[in-house]
Amino acid sequence: MSEVELKEEVIKALKGVYDPEIPVDVYELGLIYDIKIFPVNNVYVLMTLTSPSCPSAEAIPVEVEQKIREIEGVSEVSVELTFDPPYSQDMMSEAAKLELGFM
């Protein structure tokens with residue numbers, strides 16, 4: 001699988017992870033800041049949460065890692081959590097804004 005194909009599979013997997021309090025996936029919410037594919041199919045994800053005090057702060061990154069590990073061919077997965085820059089609703093995709101009634 002090429003780097004581009006693997007990144008597409010990672011994005012597809014991320015679209016299956018939801019914040020339990022919001023009916024939109026973490027990718028469309030804009031919680032994923034960066035996805036990098038390194039040699040031998042090692043995947044790095046830099047992400048945030050809607051707030052540092054999010055009740056699902058421990059569960060969401062673990063679920064992100066698990067979903068990516070399920071992709072055939074992935075060797076290692078590293079998920080880093082950051083709050084810099086702080087999350088804002090401007091980071092949401094148009095689809096997410098529409099779903100949540102912000103448009």
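**Exercise 1. The hairpin**

Task: Determine how many residues lie between β1 and β2 in their hairpin, and which residue in the turn has a positive phi.

Solution. In this predicted model, strands β1 and β2 form a hairpin. Three residues separate the two strands. In the turn, Val40 has a positive phi of about 65°. The strands of the hairpin run antiparallel and are joined by six bridges. One pair to locate is Lys36 with its bridge partner in β2, Tyr44.

**Exercise 2. The sheet**

Task: State the order of the strands in the open sheet, and explain why one side of β1 and of β3 is left without a neighbour.

Solution. Begin with a general point: strands of a sheet pair through backbone hydrogen bonds, in either a parallel or an antiparallel manner. Here, three strands form an open sheet in the order β1-β2-β3, and the pairing is mixed. Strands β1 (32-38) and β3 (77-81) are at the edges, and each has a single partner strand, so one side of each lacks a neighbour in the sheet. From one strand to the next, the twist averages 15°.

The two pairings may then be taken in turn. Between β1 and β2 the direction is antiparallel, whereas β2 (residues 42-47) and β3 run parallel, joined by five bridges. Within this parallel pairing, Leu46 has Glu80 of β3 as its bridge partner, and Val43 stands opposite Val77, also in β3.

**Exercise 3. Cover of a strand**

Task: Decide whether β2 is mostly covered or mostly open, and give how many of its residues are buried.

Solution. A residue is taken as buried when its relative accessible area is under 20%. By this cut-off, five of the six residues of β2 are buried. Strand β2 is therefore mostly covered.

**Exercise 4. A nonpolar surface patch**

Task: Identify which residues make the nonpolar surface patch, and classify Leu98 as buried or exposed.

Solution. The patch is made by Leu98, Phe102 and Met103 and has an area of about 350 Å². Leu98 is placed in helix α4, which spans residues 94-99. The cut-off for an exposed residue is over 50% relative accessible area. Leu98 has 58% relative accessibility, so Leu98 counts as exposed.

**Exercise 5. The annotated span**

Task: Describe residues 7-79 by their helix and strand content and by the separation of their ends.

Solution. An unreviewed UniProt entry annotates residues 7-79 as "domain: MIP18 family-like". This span is 32% helix and 22% strand. The C-alpha atoms at its ends lie 14 Å apart.

Key. Residues are numbered from 1 along each chain as its sequence is written. This is a predicted model: local features need pLDDT of at least 70, side-chain atom pairs count only at pLDDT 80 or more; totals for chains, interfaces and linings use all residues. Side-chain values use heavy atoms; hydrogens and water are left out. UniProt positions are given in the numbering used here, feature names are shortened, and annotations may be inferred rather than shown by experiment. Helices (H or I, at least four residues) and strands (E, at least two) are DSSP runs, numbered from the N terminus. Patches are made of residues with over 30% relative accessible area and no salt bridge: like charges are joined within 9 Å, nonpolar side chains (Val, Leu, Ile, Met, Phe, Trp, Tyr) within 5 Å. Accessible areas come from the Shrake-Rupley method with a 1.4 Å probe; for residues, only the protein chains shown count as cover. A salt bridge is a side-chain nitrogen of Lys or Arg within 4 Å of a carboxyl oxygen of Asp or Glu. Buried means under 20% relative accessible area, exposed over 50%, partly exposed in between (1.4 Å probe, protein chains only). Two strands pair if DSSP finds at least two bridges between them. Axes are lines fitted to C-alpha atoms, for helices over the stretch in contact, and angles run from 0 to 180 degrees between N-to-C directions.
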